[in-house]
Amino acid sequence: MGLGTVFLSHYRRHPGQLAGLLLILVCAAMLWSGVRSLTAAAGNAVADSTAVLEPLLSVVRVDGEPLSVEDFARLRRAGLCASPRLEVRFTTGESEAPVVIGIDPLSAACLRKYRQRRGERALAEGAASVASTLMAGLAGSDHPLLLGSASDLARWRQLSLPGVEDIETDVIDGVPRGQLFADISVAADLAGAGHGRLQILLPAAEVERVPLPAAYRAEVEDYGVEPDPLVESFLLSLDALGALMLLVAALLVRSVYRFALEQRRRSLEILIRLGVTVGRLRMALIAEVLLIALAGGTVGMWLGEWLASAMATGFESTLSGLFSVDTLVMRAPTPETWLGMVLILAVVVGWACVDLLLLGRRDRHGGLHGSGIQAGGPQTDTGATSRWRGLLALVLLVLSLIGLREAGHLWLIFLAALGCLMGAGLLLPDLLNKLLACAERRCRRPLLEWSCSEMRALCRLLSLPLTALAFAIATAIGVHAMVTGFESTFARWLDQRLQGDLYLDPGVPVATEEWRARLRQIPGVTSVLPMVRTRALLYSARAGQISTEQSTTDLLPVDVLGVDPASPLLQAWPFLFEIPDLWAELARRGVLINEQLARRQSIAVGDRIRFRLGARSHTRDVIGIYADYGRPEGELMLPLAMVSDALPDRYSTFVLGAADIHSVPWQDWPQQHPWLGRSRLRDQAGLKQSANAAFARTFQMTRMLNALTLALAGTALALMGLVIFRLRQGSYTMLYVFGERCKPLRLRLIGHSVLVTGLLALLAIPLGVFLSWVLVARVNPAAFGWALPLHFYPGFWLQVWLVCLLIGAVVGVLVGNPVRLETLKNE
Amino acid sequence: MSNASRLLLVLLLLTGCGRGAERDTWFSALREPPAGFRQAAPGMSVRLPRDMGPHPQYRLEWWYLTANLRSSDGKQFGVQWTLFRTGIRPGPYSEPVPGWRRNEIWFAHAALSRPGEHHFVDRSARGGTGQAGVTAQPFRAWIDHWRLDTLVENTWVLDVAGEGFCYRLQLEPQLPVVLHGERGFSAKSAGGGGSMYFSYPLRVSNGEIEVSGEKFAVSGQGWFDREWSSQYLKSDQQGWDWMALHLEDGRHLMLFRVRGAEDFQSGTLVAADGRAQTLKGDAFSLQPIAYLDSHFGEVPVVWQLTVPSIELDLEIRSWPGDYWNRGVTRYWEGPVAVTGSHRGEGYLEMTGYGHSQN
């Protein structure tokens, strides 16, 4: 009978052991690949959104003539990566007639939102971006093609325009409401039945590479809103937590494997007694662990990818909803994901191999019995080792805390945080042990003293899975704080950027007050908030001190945003710091600054700052600081009256409030009001709604990940608890023999289990809070220069604690009756 | 318009997307019947300068240029620039231009090679806008800011800037024009099918190449091909091996072998004084003698050419390295060195090899 048959026979007799080992491996791999794929998919979504949000310029002729196809060719021949956009509006009785947007799929890749990455399986796999579908349509059909949402296409058919019978239509997801997309030649054909407006767009960076020909100038088409820094911060935190989950997974797999080995100690001893050499046994065990790791890892990766595909959909929809991104294609696991998985497996296999190698060496000294197979196992922890380990952990913790306080580089912060966690993780079971020892000494009743001693034994024996559970708890709390913090921040960010119901960009510099008055006249508009942007120079004054003789080198360029303090659209704005009656004070004497400027210049509320706006210098009091996530530049917010139309580089946009946005035919305004002909309108409310809904899915999935981490740690603990409690059956049975009844003993066992996990959770919660603090208060400022708000969620801590109690109870219940008289046979 | 040619267009244009079995599709499309387009046939003749311009009645045509260059300090370079025109609908087109049309699409490939190094970029443009096009007189070919333009009579300038490289070369076509096959009809199989095909050997002077931030003044010689048709290959043909060689004694050789159930080969020998002589398939032997296990599979990189009637016995060896043009229509286009009975240099193009690995 070969060793393989012996091993198979063992697992046939104890299928639970194999299942447990595989389950943990599968869960660990799934967790890791899930987290990795989520972050990778989200990273790609961010890249796509960056593409969409790249500042776009619209080229206009200096002579004021409308653009033509010759202009496009001229710009292209000048070496500029420009792409045309022909917008055709139809004058019909119906207000909801969709707009046809004609693009040139051949040059669309110049605008990153239409560009597809090389190597993507796009067309054949159904990744239907507008540009690629139109490209296929251009070459693949004699009939012109129109793309849009089902409802817009239905409205299009109702228009019954003459000469459009041969136009094919195709439903495509993720395109903005009220817009249909077509090849530009199709749009040009349709322009006869409506009103066409040709734009030539190019990325802003393009004119830095190749200057525009003299006959043209560029206007800002889209400043975009830029969520990248905000989302990147979220992704970085998720990455950090992903790394922690890798650690949790490796610890769990390791501990489960060690206990599986422990369970087989006797059968392995028999094999040695039967003449199997230690070397051969070692090789067989290594082969076994490799096989199990490979099987569990592969299944786990597959399941993780499945999990991630659901998560990626959340992110994709989010960003496409916000910025009309085309689509995000699910990709195969990244090399990093596989690397992580290989790392988990390498840790598991490598650690197991070290055990097995030690097994051979120790066997030469003292035989297999006792310390042999259990090498590195809990029983080998002598008091001295434990003390040394505790001391080491304490030193690690202290050094890491100092490092965390002092470190400025991101990687050092991560390293120090990891050191803190490792130190705390190593200390936690010991700390628990010491607490129980203390309780044991104070106990007067023998059974209670025995219980304390028994729980201390549990802490020793289960130190590894308990550490893993502590990390899982910390991760859960960290993820929760980060996600919830991000969620509220994101909501606030959206509120700031997508105020009101509609956003109007006039396309050219306009007379602010005149436009404001005109906009108020439009039926359905209830409020108009002009937002005037310009630049100012801030005298680089430290808080409260203003030098009167500063050179121009001390002048710091800053953005200026002029708003009307009386506007109802501003009243709900949240601030990090503010004085009472802020908006009235803004009109009178104040200035509001963004967080970046406050941090960089150490300016606080109450300080006075001096700045030059145009030719004039002003001095005003800082009365509020607002969070401005992600904007790299400093910004001053001033009352509109200070930002006059005479200032150079001034540009006005408008936020509009409407009584009922759904009943206002804003899409038709540019036709109805010729002075709005060059304007762009954006439905703020709809965008906000879809962004919130889509991000909610992402948050939900992240929370699922949290639950998965806890479940994984709980499962591992349960699996090991079953083994450990079985090892402890002797002492329970002894009490039974001494006269204690079976049922109370069983309840006592459950109590032990619940107390250990409950106490551990209590100790681990501060670790989770610490992790949250590291992420939002240390990592984020180091990476991005601004901090996410740190909030505490005691309600969630209570939930986690209850889950831990539940895990303990389940383990206790699963063990069943601890009284087994046969365990006394060998005593 | 046939399904296969539609698919061809999609694949040709969607650079970077759907790189699965496109190679097979490309060749199957080249084999499709003309479907409304005119087909090149024996008896047709070349008329210049008219035929330097586009032929909208035909489905696919190209202006193809390769050159072997040297810098003053002896560094070797290879340059390829090709402009393709592919018809969506058969011309001539009646709509006024310029305008947004869907009649034809232009695309271009530019490559720069050094021993062990190859750069490739491509572009595409809609016909009818003026973004790309060709005029016969004066001869001008352009797509965006890439251009092959007549500088003065009988002198062209090629100006190309890609990502990481650019070149500007002055080219002098060597007269008279070289007509291939039967007065310009170049058969691609024994049973009919082929293209109209003529060439000019080129002298390259006053060239400037910039690559990886370094500039080189270069000169050398090249080969310009002009070819148009609607159906190039027969259904059983998988691809071709083509080479244009410049021998040290001043002669030039263009040879190709179309691989199929039965290989078809043909060539043209251009004497130093410009007189051209068609080499029929049985007049020479062209055999691969060594293969390279490249990124995309095995490709023959060393060839043995014998032309017994003129006592040519040449070994044609590709420069070391990988010269795949990694667009959707992936093909090998790289410089070669010639040794054996005569020495020389040239360009080797191979299509229909390799697998679909990216």
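# Chatting through a predicted two-chain model

Student: Which residues touch the most other members of the largest nonpolar core?
Tutor: Trp106(B) and Ile316(B) do, in a core of 90 residues. Keep in mind that this is a predicted model.

Student: What does Trp106(B) touch?
Tutor: Leaving out residues up to four places away in sequence, Trp106(B) touches Leu83(B), Phe84(B), Arg85(B), Ser124(B), Ala125(B), Gly127(B), Ala132(B) and Ile143(B). Another core lies apart from that one, with 89 residues, among them Cys27(A), Met482(A), Leu771(A) and Leu775(A).

Student: Why would nonpolar side chains be buried together?
Tutor: That is a general tendency of nonpolar side chains in soluble globular proteins.

Student: OK, chain A then. How many helices and strands does it have?
Tutor: Chain A has 23 helices and 18 strands. Of its 827 residues, 44% count as buried. Among its contacts with a separation of 6 or more, 82% are between residues 24 or more positions apart.

Student: Give me one residue there. Where is Val815(A)?
Tutor: Val815(A) is in helix H23, residues 794-815 of chain A.

Student: Buried or exposed?
Tutor: Val815(A) is buried, because 23 other C-beta atoms lie within 10 Å and the cut-off is 20 or more. Beyond neighbours within four places in sequence, Val815(A) is in contact with Gly721(A), Leu722(A), Phe725(A) and Leu749(A). Its C-alpha is also 9.1 Å from that of Ala718(A), which is 97 residues away along the chain.

Student: Switching to chain B: what is its average pLDDT?
Tutor: Chain B averages 87, and 89% of the residues score at least 70. Over residues 1-26 of chain B, though, the pLDDT is below 50; that stretch still has 72 contacts in the model beyond near neighbours in sequence.

Student: And what are the ipTM and pTM?
Tutor: The model scores ipTM 0.90 and pTM 0.56.

Student: How do S8(B) and S9(B) pair up?
Tutor: They run antiparallel, with six bridges joining S8 (residues 155-161) to S9 (residues 165-173). Ala161(B) has Cys166(B) as its bridge partner. The two strands form a hairpin with three residues between them, and Gly164(B) in the turn has a positive phi of about 90°.

Student: Which strand does S9(B) join through eight bridges?
Tutor: That is S12(B), residues 194-211, again antiparallel. There, Arg168(B) stands opposite Glu208(B) in S12(B).

Student: Which non-glycine in S12(B) has a positive phi?
Tutor: Asn206(B), with a phi of about 45°, sits in strand S12 of chain B. Asn206(B) counts as partly exposed because it has 14 C-beta neighbours inside 10 Å.

Student: What about Glu311(B), what is its phi?
Tutor: Phi of Glu311(B) is near 55°, so to speak of its sign, positive in a residue other than glycine. Glu311(B) lies in the loop between S19 (297-307) and S20 (312-318) of chain B, and it is exposed, with 9 other C-beta atoms within 10 Å. Most residues other than glycine have a negative phi, and most peptide bonds are trans.

Student: Where are the cis bonds at Pro49(B) and Pro138(B)?
Tutor: A cis peptide bond joins Leu48(B) and Pro49(B), with omega about 5°; Pro49(B) is in the loop between H2 (22-31) and S1 of chain B. Another cis bond joins Gln137(B) and Pro138(B), with omega about -5°, and Pro138(B) is in the loop between S5 (132-135) and S6 (140-143) of chain B.

Conventions: Residues numbered from 1 in each chain as written. Chains lettered and ligands numbered in written order. Predicted model: local features only at pLDDT ≥ 70, side-chain atom pairs only at ≥ 80, totals over all residues. Helix = DSSP H or I, 4+ residues; strand = E, 2+ residues; numbered from the N terminus. Buried ≥ 20, exposed ≤ 12 C-beta atoms within 10 Å, placed from the backbone. Contact = placed C-beta atoms within 7 Å. Core = buried A, V, L, I, M, F, W, Y, C linked by C-beta atoms within 7 Å. pLDDT = per-residue confidence, 0-100. Pairing = 2+ DSSP bridges.
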